[in-house]
Amino acid sequence: MILISGSCEVASCLYKYLKVKKSEGYSVVDFFADRCGGQNCNRMINCMLSEALHAYNLDSITLNFLVSGHSQNENDTAHSVIESACRNHTIYTTNQWEISLSMAFKKNTCKVIRIFHNDIIDFKSVVAFPLYISVLKDSVLETDESNNNGNGRKNQVCKGGKKVYWSKVMQVRFTKDKPNKMLFKYKYS
């Protein structure tokens, strides 16, 4: 469970989680997330998934986006338990939050892992690095310089010329056999 909101912080926590999963012997990882653009559905998360695939020598990483309005999952239940446990307590420090989170679950189902400032990776600067811009551009997106949509922004299109509707993407996948490509689907099927 992640109780932070910035895209680089979320990406850094997931990156650390993937390292743990690799050390436990996993080579294929599937995530499920809501469509929150600030946390899950953004370039930093995609960059991190690509980076983790290479860094941890994973076979594939898939990020599935839940249908909007139908995203009740374990995280929502966990947040509800934490809110109930902390409702009548005044919490001032991160250490107090750590203790409160650990004690919120009666059956010890929540493992709190401390993240320090030096654990946070600035994936925004990685996305801006020319190698990653070209990897993303060559694999999924290229800018249609001739087609300006009237508001000063250039359209994002696939290499084949079709517009990518990011709000409709349901699944993103990175695989070892296509290491420099971000595969995506509009439907689960």
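**Exercise 1. The hairpin and its sheet**

Work out how many residues sit between strand 5 and strand 6 in their hairpin, and then place both strands in the sheet order.

*Solution.*

Step 1. Keep in mind that you're looking at a predicted model. Find strand 5 at residues 171–175 and strand 6 at 178–185. The two strands make a hairpin, with two residues between them.

Step 2. Check how they run. Strand 5 and strand 6 pair in the antiparallel sense, over four bridges. For a spot to look at, take Thr175, which stands opposite Lys178 in strand 6.

Step 3. Now look for the other partner of strand 5. Strand 2 pairs with strand 5, again in the antiparallel sense, and here there are five bridges. In this pairing, Thr62 stands opposite Arg173 in strand 5.

Step 4. Put the sheet together. It is an open sheet of four strands in the order 1-2-5-6, and its pairing is mixed. Strand 1 (28–33) and strand 6 are the edge strands, since each pairs on one side only. On average, neighbouring strands are turned by 10 degrees against each other, direction ignored.

Step 5. Ask how enclosed strand 5 is. Four of its five residues are buried, so strand 5 is largely enclosed by the rest of the structure.

**Exercise 2. A walk along helix 1**

Find which residues of helix 1 are buried, and decide whether Ser7 is buried or exposed.

*Solution.*

Step 1. Mark out the helix. Helix 1 covers residues 7–23. It has 17 residues and spans 24 Å from first C-alpha to last, close to the 24 Å expected at 1.5 Å a residue.

Step 2. List the buried positions: Ser7, Cys8, Val10, Ala11, Ser12, Cys13, Leu14, Tyr15, Leu18 and Lys21. While you look at the spacing in that list, here's a handy rule: an α-helix has 3.6 residues a turn, so residues three or four places apart point the same way.

Step 3. Zoom in on Ser7. The cut-off for "buried" is under 20% relative accessible area. Ser7 has 9% relative accessibility, so it counts as buried. Leaving out neighbours within four places in sequence, Ser7 is in contact with Gly38, Asn42, Met44, Ile45 and Lys124.

Step 4. Step off the end of the helix. Just after helix 1 you meet Gly25, with a positive phi of about 100 degrees.

**Exercise 3. Into the core**

Which element gives the most residues to the largest nonpolar core, and what does Ile61 touch?

*Solution.*

Step 1. Start with the core itself. The largest nonpolar core holds 26 residues, and those with the most contacts inside it are Leu18, Phe31, Met48, Leu49, Ile61 and Phe123.

Step 2. See where the residues come from. The elements giving two or more are helix 1, strand 1, helix 2 (43–55), strand 2 (60–65) and strand 5. Helix 2 gives the most, with seven residues.

Step 3. Pick out Ile61. Not counting residues up to four places away in sequence, Ile61 touches Leu18, Val29, Phe31, Leu49, Ala52, Leu53, Val172, Arg173 and Phe174.

Step 4. Don't stop there: another core of eight residues lies apart from the largest one, and its members include Cys86, Leu101, Ala104 and Phe105.

**Exercise 4. Rings in pairs**

Classify the aromatic pair of Tyr15 and Phe123, then that of Tyr17 and Phe31.

*Solution.*

Step 1. Get the total: the structure holds four aromatic pairs.

Step 2. Take Tyr15 and Phe123. Their ring centres are 6.0 Å apart and their planes lie at 65 degrees, so this pair is edge-to-face. Tyr15 is in helix 1 and Phe123 in helix 5, 108 residues apart, so to speak "distant parts of the chain" linked by one pair.

Step 3. Check burial. Tyr15 is buried at 15% relative accessible area, and Phe123 is buried too, at 2%.

Step 4. Now Tyr17 and Phe31. Here the centres are also 6.0 Å apart, but with 50 degrees between the planes the pair is tilted. Tyr17 belongs to helix 1 and Phe31 to strand 1, 14 residues apart. Tyr17 is partly exposed at 40%, whereas Phe31 is buried at 12%.

Step 5. Finish with the group: Tyr15, Tyr56 and Phe123 form one aromatic cluster.

Technical notes: Residues are numbered from 1 along each chain as its sequence is written. This is a predicted model: local features need pLDDT of at least 70, side-chain atom pairs count only at pLDDT 80 or more; totals for chains, interfaces and linings use all residues. Side-chain values use heavy atoms; hydrogens and water are left out. Two strands pair if DSSP finds at least two bridges between them. Axes are lines fitted to C-alpha atoms, for helices over the stretch in contact, and angles run from 0 to 180 degrees between N-to-C directions. Buried means under 20% relative accessible area, exposed over 50%, partly exposed in between (1.4 Å probe, protein chains only). Contact means heavy atoms within 4.5 Å. The expected span of a helix is 1.5 Å times one less than its number of residues. A nonpolar core is a set of buried Ala, Val, Leu, Ile, Met, Phe, Trp, Tyr and Cys residues joined through side-chain atoms within 4.5 Å. Rings of Phe, Tyr and Trp (its six-membered ring) pair if their centres lie within 6.5 Å; planes under 30 degrees apart count as stacked, over 60 as edge-to-face and the rest as tilted.
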